[in-house]
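Visitor: Could you take me through the salt bridges in this model, with a close look at how the charged side chains pair up?

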Amino acid sequence: MALIMIVAAGAVAAMAAPADPETVARVDGKPLSARVLTVFVAAARVHEPDIDEQRVLENLVDVHLMGEWFREVYAANTPPSRVGYDRATLARRDLAALTRVAWRAGLAETLAAWEWPSPLRALSAPPRLDDPALAAMLTPEPGLRTGFDAAQRAAAEQWVLAHYRFPGAAPRTLTLAQLYRAQNVALKTRFHNLDRAAINGAVEDYVRRAFVLDWFERRSPLSDADRDWIRQLVLDRQDQRALLLALGLSDDPHDDNPLLAEVAAAIPAREILRYYQYHRDQFVRVEKVRAARLWLPTPALAEDARRRLADGATLETLRAAYGEQDGVRYQAPAWLARGGGEDAWLTGFAFTRTPGLTAPPIRAPGGQDRWVVVRVDERVEGYQAADSESVRYQASRALARTRLRQHLETGLARRQNAAAVRFYPEAL
């Protein structure tokens, strides 16, 4: 539930206390209450126990403004995720997770008052999973792993898997189509594989989450305006993440980031050189190491060496223990340099070792039955060449991220001013 904090200096201000002492901020004239803030403070402190309320509040306002930014500028041209949860499902999941964190005790007290061991008591009967008609609906067309054809989709909309009801609320039904839409692609695949345990587990998860959401809507100590804010901020967080991706600022290594690559490619060579000169510590590399090696011919000897090293043996005691056995070969400390052709894999491995420590045996590549124990005694470091591809790649992306972040901060400051954001710290 962590939030990204990007507050543009001077873009927001505090002013005289509002008429409502519970108001901690106004955005576009709309009051945000201390009750809403408390919910997100509880979530933030799961990951950062010492975070203060003012920082969480500033984060929330920024998240809201960035969510609006995404919806106004990028949402229409952003395709939905093909593997994750859809927008509505993700919002339900996030809102339920937020509610569980903020009101864990209240949820437990409600179940206790109903004398229910779990929300699954809401189910009137176990899900219908063995009917042949269900299998027919879940059998995909040839060549597909997921998805319904038109007839299957229509049938799934009518197929009721479960009936459930919470005290004081109207009876509800859960259809196959509803449950299917609430899954990611991995679980949808299991549905189509007729994994009844997965379907049953998904039904139970859905009902548990439905209990939490029902509690949020009907029992949480919030006003209607508070609930509107919380639902909106949950959606804003989704859209904030999407905005960062659209602006080339996502930190997820699995995200495609063409904008970052495009900006990086346009960085002039002189700026890359200047970055290199000011940040040479980022481009340190190992040039050579002085290492001793003990080669072993069998897996049995390798396992014995591993055990002895764990018990405190050294390379010298191993050498003495194995003596002149066939295939055992000791190489006295010698320099292994970058770019060396002989056993280049071994040089690369030795470059990663801490001087003075003996590494457990590793097997040589290439299918040969030989293992080697390595101890690095010395390491010499240098710098990557200023005109190397690795320097260009790393420096250009660092500079591109700086430019993209400046764009984000400028745009956010403009939106903070336009929204007339005001904080009321005395209400915290």
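Guide: In this predicted model, Arg71, Arg87, Asp236 and Asp239 are linked in a network of salt bridges. The count of salt bridges comes to 30, so let me pick out a few pairs that involve the helices.

Let's begin with Asp94 and Arg241, which form a salt bridge with their closest N and O atoms 3.7 Å apart. Asp94 belongs to helix H3 (residues 87-102) and Arg241 to helix H10 (residues 224-246), so this pair ties together parts that lie 147 residues apart in sequence. As for surroundings, Asp94 counts as buried because its relative accessibility is 13%, under the 20% cut-off. Arg241, in turn, is partly exposed, with a relative accessible area of 41%.

Helix H10 also holds a pair of its own: Arg227 and Asp224 are three residues apart there, a separation of about one helical turn. Their side chains meet in a salt bridge at 3.7 Å, N to O. Here Arg227 is the buried partner, at 7% relative accessibility, while Asp224 is exposed at 61%.

One more pair is worth your time. Arg403 and Glu271 form a salt bridge in which the closest N and O atoms are 2.8 Å apart. Arg403 sits in helix H16 (residues 389-418) and Glu271 in helix H12 (residues 269-278), so the bridge ties together parts 132 residues apart in sequence. Arg403 is partly exposed, its relative accessible area being 36%.

Note on methods: Residues numbered from 1 in each chain as written. Predicted model: local features only at pLDDT ≥ 70, side-chain atom pairs only at ≥ 80, totals over all residues. Heavy atoms only, no water. Salt bridge = Lys/Arg side-chain N within 4 Å of Asp/Glu carboxyl O. Helix = DSSP H or I, 4+ residues; strand = E, 2+ residues; numbered from the N terminus. Buried < 20%, exposed > 50% of the residue type's maximum accessible area, 1.4 Å probe, protein only.
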